[in-house]
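Please open the model in a viewer and keep the selection panel at hand. The tour below proceeds from one selection to the next.

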Amino acid sequence: MMENAALAIKELLLKLPGSTCLILCGKGNNGGDGYALARLIYKNLNPILFCLEPPATPQAIAQHTMCKKLGIPFINKKQLTQLLEQNSADFIIDCLYGTGFKGQLAPQVKKFIDAANKSKAIRVACDISSALEFNADYTVTMGEYKLSLFSDKAKAVSGQIIVAELGMPPELFQNEMEPAAYLITDQDCHLPLRTNKAAHKGTFGHTAVIAGKKAGASIICASAAMNFGCALTTLVQTQDASLKQFKIPPELMLNNAIPSKATSVVYGPGTAPQDLNLELLKNIKIPAVVFDAGVFGSPEFCDLLKQLDSRPGSRIVLTPHLLELTRLCKSLKLKPEPSVQELADDVGQKIQLGRKINKLFPNTVLVIKSANTFIAANGRTYIITDGSPSLAKGGSGDVLAGMIASLLAQGYSAQDAAITACEAHALASKKIGARSYDLTPQKLIKAVSSLN
């Protein structure tokens, strides 16, 4: 398996420009992968080895011994510092620590990694970035995706993730046990394309968006629903809504109550916890509801959710970001109550919370908005990694809520609506540009509309 891991990194390096390859090795089998890599590339590239500590496992010792016999150069700490300062390496390979690392890096090791991160070299992490501090352009992970690769911090430092085969069929991993999570790709995104030639506007549903105090968010949400296939969209005016200050798109209808023929409802965009009016929803007959934003800070919301979830045929989607999720956990009295930082760092905690909420509310799907999007549905977890930093703008979440509601209005299940809308939302952001700073809700809606 060590040979196959090293071979996968070699195949990547040979596709990239450069020749001098600095390999940083730890004492365990992650370091052994680095020694094996040096042995495999020494005829094609120019490997230079830095040994942080003497190898401590039989496999790593054997690989280290072979590198010594082949005459592959080793450098000491002083030489490493000079090499990094002079930007002399074309590649830097992080084989210091693997997934088993716990705690904090030693100051000297942190100093080396910080220097590597400032280098102009192409950086590659073996299996996972060491302590999630090495800023990789590529991460070559072994056998299967690791859950730890999907934390917020990991997304920032992993670069492009490549899964390397270890010499055994992947089915041996996949068939042995239920996966902890399922990775969503563009193949799982089923856009609401119109294939029925005899369709009419009644075929494609009616979304009602209850306008909050900050009514601009509600308008964005309703526009997104309209542009994601919903035939009719109504803004429901409330006493607190400031709709008069906006130019309402003419395709959006206005009403003082939720239309009786609506097939989905959205509540939350533009609403703060102190402005909630849950009376609006207590007697609705519509089975499909999306809840967003300020609703999650209210204990009364949990009572309403229990009532709505218990109805036959209910399809409910919750779309909190991490702070809102902590408020929901507090309202539900889920123990232990997580902090935002704990949720950002701990993928397992997100998964466990999703399962708890699915168990409490079987007809409810939870969408956790973060660097990666986690969807908890029917006791399973689905992860969407395609979202980009350009989405870090006010209104992006309102667009997503409208997209999910639109699909619910058109008859999608809560799970399928969440998966398709979240993936389409993420793909649209990539279409605009992962690094773009000028994304607006209007541009995002336009990009979503052009996905097909």
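Begin with the contact between two helices of this predicted model: select Asn29, Gly32, Tyr35, Ala36, Ala38 and Arg39 in α2, which meet Gln59, Ala60, Gln63, His64, Met66, Cys67 and Leu70 in α3. Coloured by residue class, the contact of α2 with α3 divides into seven nonpolar residues, five polar and one charged.

Now extend the selection to both helices in full, residues 29–41 for α2 and residues 58–70 for α3. Their axes lie 8 Å apart, and the helices pack at an angle of about 30°. Because angles under 35 degrees count as roughly parallel, α2 is described as roughly parallel to α3. The crossing of α2 and α3 is left-handed.

**The sheet**

Next, display the strands. Ten of them form an open sheet, and its order is β8-β17-β16-β15-β14-β13-β12-β9-β10-β11. The pairing in this sheet is mixed. Select β8 (182–184) and β11 (253–255) to see the edges: each has a single partner strand, so one side of each is left without a neighbour in the sheet. On average, neighbouring strands of this sheet are turned by 20° against each other, direction ignored.

Remain at the β11 edge and add strand β10, residues 232–236. In which sense do β10 and β11 pair? They pair in the parallel sense, over three bridges. Within this region, select valine 236 and, opposite this residue, asparagine 255 in β11.

**Helix α13 and its neighbours**

Which strands does α13 lie across? Select β9 (206–210), β12 (264–267), β13 (288–292), β14 (315–319) and β15 (364–368), for α13 lies across these strands. Relative to β13, α13 runs at about 170°.

Then select helix α8 (residues 215–226) together with helix α13 (residues 396–409). The axes of α8 and α13 come within 7 Å and cross at roughly 40°. That angle makes α8 oblique to α13. The crossing of α8 and α13 is right-handed.

Finally, show the side chains of this contact. On α8, pick Ala217, Ile220, Cys221, Ala224 and Ala225; on α13, the residues they meet are Asp398, Val399, Ala401, Gly402, Met403 and Ser406. The residues of the contact of α8 with α13 comprise eight nonpolar, two polar and one charged.

Conventions: Residues are numbered from 1 along each chain as its sequence is written. This is a predicted model: local features need pLDDT of at least 70, side-chain atom pairs count only at pLDDT 80 or more; totals for chains, interfaces and linings use all residues. Side-chain values use heavy atoms; hydrogens and water are left out. Axes are lines fitted to C-alpha atoms, for helices over the stretch in contact, and angles run from 0 to 180 degrees between N-to-C directions. Helices (H or I, at least four residues) and strands (E, at least two) are DSSP runs, numbered from the N terminus. Angles under 35 degrees count as roughly parallel, over 145 as roughly antiparallel, 65 to 115 as roughly perpendicular and the rest as oblique. A crossing is left-handed if the near helix is turned anticlockwise from the far one by less than a right angle, and right-handed if clockwise. Contact means heavy atoms within 4.5 Å. Ala, Val, Leu, Ile, Met, Phe, Trp, Tyr, Cys and Pro count as nonpolar, Asp, Glu, Lys and Arg as charged, and the others, Gly among them, as polar. Two strands pair if DSSP finds at least two bridges between them.
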